Amino acid sequence: MTTTVRHVQVTFDCAQPERVARFWCEVLGYVPPSPPDGFDTWDDANAALPPEQRDAWFACSDPTGVGPRLFFQRVPEGKVVKNRVHLDVRVGTGLVGAERLATLVAERDRLLALGATCVRVMVADEENESCIVMQDVEGNEFCLD
């Protein structure tokens, strides 16, 4: 019997899981989970853990339930090469030419204020529409598409 996968989770290795997760919450309109039972805040929950387990992970999800859950886990090594997998943030879907580029640039500017970095703007040519390559607050690449 073949199993059909209906949900996926995208996992990020990072140094500061909550910081990166909260960045992606702002980018995508996602929300963090409620603190565990018995805790009013995530800070309270973290404080109850042994020091080596504090701030080890964080997650966020699409409040509509449509998009994948994002999970962020602390790892000891830093990022050293280009991502093999990246997210495309689809803000320009259905738009073309100058209108698409203006929409992408407006979103780029919003994300720069959140701590993202613009790597390059790829302007439309004969084969491809415009897109913008960016990095999140820890240098993980993603595209505004």
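Colleague: How far apart are the end C-alpha atoms of H1?
Modeller: This is a predicted model, in which local features need pLDDT of at least 70, side-chain atom pairs count only at pLDDT 80 or more, and totals for chains, interfaces and linings use all residues. Residues are numbered from 1 along each chain as its sequence is written, and side-chain values use heavy atoms, without hydrogens or water. H1 (a DSSP run of H or I, at least four residues, numbered from the N terminus) has twelve residues, so at 1.5 Å a residue (times one less than the number of residues) it should span 16 Å. The distance between its end C-alpha atoms agrees with this: 16 Å.

Colleague: Which residues of H1 are buried?
Modeller: Helix H1 covers residues 17–28, and the elements covering its buried residues (heavy atoms within 4.5 Å) include S1, S2, S3, S4, H3 and S7. Buried here means under 20% relative accessible area with a 1.4 Å probe, protein chains only. The buried residues are Pro-17, Val-20, Ala-21, Phe-23, Trp-24, Cys-25 and Val-27.

Colleague: In what order do the four strands form the open sheet?
Modeller: Strands (DSSP runs of E, at least two residues) pair if DSSP finds at least two bridges between them. The edge strands, S4 (87–89) and S5 (117–122), each pair on one side only, and the pairing in the sheet is mixed. The order is S4-S7-S6-S5.

Colleague: Which residue in S6 stands opposite Val-121?
Modeller: S5 pairs with S6 (residues 131–135) in the antiparallel sense, over five bridges. Opposite Val-121 stands Ile-132.

Technical notes: Axes are lines fitted to C-alpha atoms, for helices over the stretch in contact, and angles run from 0 to 180 degrees between N-to-C directions. Buried means under 20% relative accessible area, exposed over 50%, partly exposed in between (1.4 Å probe, protein chains only).
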